[in-house]
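Student: I would like a close look at one part of this model, the cysteines. Please show me the sequence and structure before we start.

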Amino acid sequence: MKKFYQLLRVNHYIKNFLVFAPLLFTSGVDNTDNLILSFQAFLIFCLIASTVYIVNDIFDIRLDRRHPRKKKNRPLASRKFSLTQAKLIVIVLILLSIMLINFNRELINVTICYLLINFLYTIYLKKIPLIDIFTLSSNYILRVYAGCVALNVDLSNWMAVTVFFGALFISALKRKQELFLYGSISRKVLNYYSLNGLKKIVDISAILSIIFYSLYVISINDKLFLTIPLVVYGVIRYNYLSDGRNFSDSPVDEILKDRQNILIILVWLLIVINSTI
């Protein structure tokens, strides 16, 4: 069971909770119909995200087998799954995604866009410095946009730019840790980066994400002002912890294993939900 969990990257499903952002900041979770629509979009993105991760692992299998951590943790690189098995699982995931999309066909375009961008990333874009982390960041916006499409609401420009710079912060920090821990052996594009350069991108995107988030919540609901200190503290602390050698190259794992991060997220969520009731 654990190898399926690792292959599907279930721990990365936390990213797909961005699908619920439009729901939280519009009708709220007490709207049952909208909650169901958002949950459907969430499930679809979980399935297609797992599809993308497996396809990427298939393309990167040789490189992953030379990576100090991935050769042990990635099911394909560690030979827990064969390539044939992985391809069959991809087909099953795609079929399940198509079945779910039939319940909300408005999500077809955004799903195709997500798959196309990630396919281009897997075969080409991840080899180009800066374009690689900007592409990863765009995936986060697509998740939020999918939530908007599911509810038939417009994507706020403030929300989009906040999510983008928050994602850029995480993506650049991931690259910084990869370069710091393993050097360019983890991925070829790191030959074009430096720790100092990535640190600057991390700091700039962190500052901008805080600024845009603050402007966004102040403009839509005064009650959300209380969430700003939480976001500021969370971003600064996360950036601070990333300078330690024990900080891994997986931002998701670091978020999930840190109790303070979990507490901050829960308090933030309670304030946001309460503000829409």
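Student: Is Cys113 buried, partly exposed or exposed?

Tutor: This is a predicted model, and what follows is computed from it. Cys113 is partly exposed, its relative accessible area being 33%. That value is neither under 20%, the cut-off for buried, nor over 50%, the cut-off for exposed, so Cys113 falls in between.

The next point is pairing. A disulfide is a covalent bond that joins the sulfur atoms of two cysteines. The structure holds 0 disulfides. For Cys113, the nearest cysteine sulfur belongs to Cys148 and is 14 Å away. Seen from the other side, Cys148 has the sulfur of Cys113 as its nearest cysteine sulfur, again at 14 Å. A disulfide needs the two sulfur atoms within 2.5 Å, so Cys113 is in no disulfide, and Cys148 is in none either. As for exposure, Cys148 has a relative accessibility of 1% and therefore counts as buried.

Two further residues are worth checking for their backbone angles. Asn152 lies in the loop between α8 (131-151) and α9 (157-182). Phi of Asn152 is near 60°, which is positive although the residue is not glycine. Asn152 counts as exposed, at 72% relative accessibility. Arg9 also has a positive phi without being glycine, with a value near 55°. Arg9 sits in the loop that runs between α1 (2-8) and α2 (21-24). With a relative accessible area of 7%, Arg9 is buried, whereas Asn152 is exposed.

Conventions. Residues are numbered from 1 along each chain as its sequence is written. This is a predicted model: local features need pLDDT of at least 70, side-chain atom pairs count only at pLDDT 80 or more; totals for chains, interfaces and linings use all residues. Side-chain values use heavy atoms; hydrogens and water are left out. Helices (H or I, at least four residues) and strands (E, at least two) are DSSP runs, numbered from the N terminus. Buried means under 20% relative accessible area, exposed over 50%, partly exposed in between (1.4 Å probe, protein chains only).
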